[in-house]
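Me: I am new to this structure and would like the terms used for it to be justified one by one. Please set each value against its definition before drawing a conclusion.

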Amino acid sequence: MSEEMKVLREKLLSANKNGYDRISDSDLTAMEAYCAAYKTYLNLGKTERECAANTVALAEKHGFVPYRRGMALKAGSKVYVLNRGKSVMLAVIGKESLAGGARIIAAHIDSPRLDLKPNPLYEEGEMAYGKTHYYGGIRKYQWVTIPLQMRGVVALKNGETLCVVLGEGDEPQYVINDLLPHLGAEQGKKPLNEAIPAENLNVLLGSRPLGDEEDKDRFKMQIMKRLHDKYGITEEDLISAELEVVPAMHATDIGLDASLIGAYGHDDRVCAFAALQGLLDCEAPAKTAVCVLADKEEIGSMGVTGMQSAAFDTFMQDLCEGQGVALRECFENSFCLSSDVTAAYDPNFADVFDKRNVARINHGIGLCKYTGARGKSGSSDADAETVAFLRRVFDEADVIWQMSELGKVDAGGGGTVAQYMANRNIATLDAGVPVLSMHAPFETVAKLDCFMTYKGCKAVYEAE
Ligand code: MN
Ligand code: MN
């Protein structure tokens with residue numbers, strides 16, 4: 001190639017280089033420390049409630065205080081609201097008025113899982129089981145024959161809420177069994193999505209009877225007795241419980257080069273942690289920086305703790321009223337980064353991707369102008385100006401980023417909280433970490449992409 005062509009080529013064509021060919025040495029060092037903290041965040045928060053509590057603990061360590069309606073705030077004030085223990089909204093008050101808009105990052109902290117049903121306990125074949133109802137889009141066959149935990153809360157009639165963690169540390173764990181191949185001939189002929197029916201996702205809880213042969217419900221009794229011994233609860237208390245069956249595995253480095261992280265719940269705690277840490281490290285921003293960690297994204301962002309809830313508008317309105325600003329004025333001048341994971345290109349399943357428009361592992365935070373399915377349906381489809389704004393913010397902050405789509409057109413699709421923010425008249429764009437095996441009990445992400453998402457979030461908060 002002539003020198004002239006080389007120069008022209010560099011000027012005109014996108015390079016799309018691997019992040020390791022672009023990242024600085026200082027960022028490489030910072031990346032490892034950041035990812036170590038992220039793994040701890042994952043291990044401490046396997047449910048939305050645990051994740052919210054851990055978020056609040058980290059925020060308080062960084063000087064955030066609970067927001068009280070009407071409290072006096074000034075530039076640099078750090079406040080948060082914990083919404084019903086399941087979602088968190090945090091803000092660092094900016095030097096400028098909220099009339100000029102806020103810099104918002106929204107991620108979600110609920111993940112696909114199996115919830116225990118309100119009447120979960122039964123015995124069959126001299127074993128005790130718990131019935132589950134899956135939450136979010138899972139591939140059911142992935143949830144059998146892996147070690148499981150049960151985590152969540154039991155709310156009592158007296159108003160007390162007990163935190164439950166079963167299967168952590170030295171405690172026994174749980175499992176959902178599958179058929180042996182020797183007898184699996186018929187099952188094996190079924191389509192993947194039908195081989196394990198939802199009502200077969202029954203968690204094995206025990207097999208040792210309590211009492212004598214003449215006693216009834218001996219296997220179920222054994223389980224209930226142990227739950228009573230540990231938490232003082234009865235079977236009826238399970239009616240007002242939220243017990244989530246989640247993978248028992250801890251977050252771990254993946255690959256001989258330790259360049260990846262495998263864990264349960266990267267979707268979307270990998271972006272939630274980036275959004276949080278970005279805010280914790282953000283000192284005195286020009287515009288008010290807001291981080292929203294929402295619940296219920298995996299089932300449509302509904303409900304009081306979902307992104308469609310008025311809880312967010314209430315929080316923002318409270319902040320606006322403190323400055324004599326109308327919420328609608330703040331929203332119309334705000335920018336929101338909807339930070340959610342995207343599908344990473346997987347060469348083992350190349351045919352579901354358009355390889356020219358896909359997020360690649362180690363190519364940085366993946367921007368998605370639109371999500372949706374069947375011709376962008378259900379997507380807020382950010383405008384070109386908003387995409388250009390984020391290109392500038394990221395480039396100025398040396399964030400390694402890439403443009404992506406969630407798979408091939410008509411291969412499927414998905415959504416995020418972006419549409420609910422955009423419907424509020426907030427300019428919104430999706431960007432997040434590319435994930436391999438998304439929604440599986442054990443998902444994989446690249447460390448470089450995790451760190452670049454953190455850098456991207458911090459840059460958005462600090463953008464003028
Ligand atoms: Mn997600
Ligand atoms: Mn998801």
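Me: What is the spacing in sequence of the donor residues of the manganese ion (ligand 2)?

Reply: In this predicted model, the donor residues of that ion follow the pattern D-x30-E-x140-H. They are Asp267 (OD), Glu298 (OE), which appears twice, and His439 (NE2).

Me: What makes these atoms donors of the manganese ion (ligand 2)?

Reply: A donor must be an N, O or S atom within 2.8 Å of a metal of this kind. The atoms from Asp267, Glu298 and His439 lie at 2.1 to 2.6 Å, so they meet the cut-off of 2.8 Å. Asp267 belongs to helix α7 (residues 266–280) and His439 to the loop between β21 (434–435) and β22 (443–446), so the pair ties together parts that are 172 residues apart in sequence.

Me: Which protein donors does the manganese ion (ligand 1) have?

Reply: They are His108 (NE2), Asp267 (OD) and Asp340 (OD), the last of which appears twice, at 2.1 to 2.6 Å from the ion. Their spacing in sequence is H-x158-D-x72-D. Here Asp267 in helix α7 is paired with Asp340, in the loop between β14 (335–338) and β15, 73 residues away.

Me: Why is Asp267 said to bridge the manganese ions?

Reply: Asp267 is a donor to ligand 2 and also a donor to ligand 1. It therefore has donor atoms within 2.8 Å of each metal. The bridged ions lie 3.3 Å apart.

Me: What makes the peptide bond between Asp267 and Asp268 notable?

Reply: Most peptide bonds are trans. The one joining Asp267 and Asp268 is cis, with omega at about 5 degrees. Asp268 is found in helix α7.

Me: What is notable about the phi of Asp381?

Reply: Most residues other than glycine have a negative phi. Asp381 is not a glycine, yet its phi is positive, at about 45 degrees. This residue lies in the loop between β17 (372–373) and α10 (384–396).

Me: How do you know how helix α2 is oriented relative to helix α12?

Reply: The axes of α2 (residues 25–44) and α12 (residues 447–462) cross at roughly 95 degrees and come within 9 Å. Angles of 65 to 115 degrees count as roughly perpendicular, so α2 is roughly perpendicular to α12. Their contact comprises 10 nonpolar, no polar and four charged residues. Among the residues that meet are Tyr34 and Tyr38 in α2 and Phe451 and Tyr454 in α12.

Me: Which residues are closest to the centre of the largest pocket?

Reply: The pocket has a volume of about 1,100 Å³. Of its 40 lining residues, Ala343, Leu406, Gly413, Met438 and His439 are closest to the centre. By class, the lining has 16 nonpolar, 17 polar and seven charged residues. β20 gives the most to this lining, with three residues.

Methods. Residues numbered from 1 in each chain as written. Chains lettered and ligands numbered in written order. Predicted model: local features only at pLDDT ≥ 70, side-chain atom pairs only at ≥ 80, totals over all residues. Heavy atoms only, no water. Axes fitted to C-alpha atoms, helices over the stretch in contact; angles between N-to-C directions. Helix = DSSP H or I, 4+ residues; strand = E, 2+ residues; numbered from the N terminus. Parallel < 35°, antiparallel > 145°, perpendicular 65-115°, else oblique. Contact = heavy atoms within 4.5 Å. Nonpolar A, V, L, I, M, F, W, Y, C, P; charged D, E, K, R; others polar. 1 Å grid on protein atoms, 1.4 Å probe; cavity = no way out; pocket = protein on both sides within 12 Å on 5 of 7 lines; lining within 4 Å. Points joined across faces, edges and corners; volume = space filled by probe spheres on them. Donors = N, O, S within 2.8 Å, 3.2 Å for Na, K, Ca; no water.
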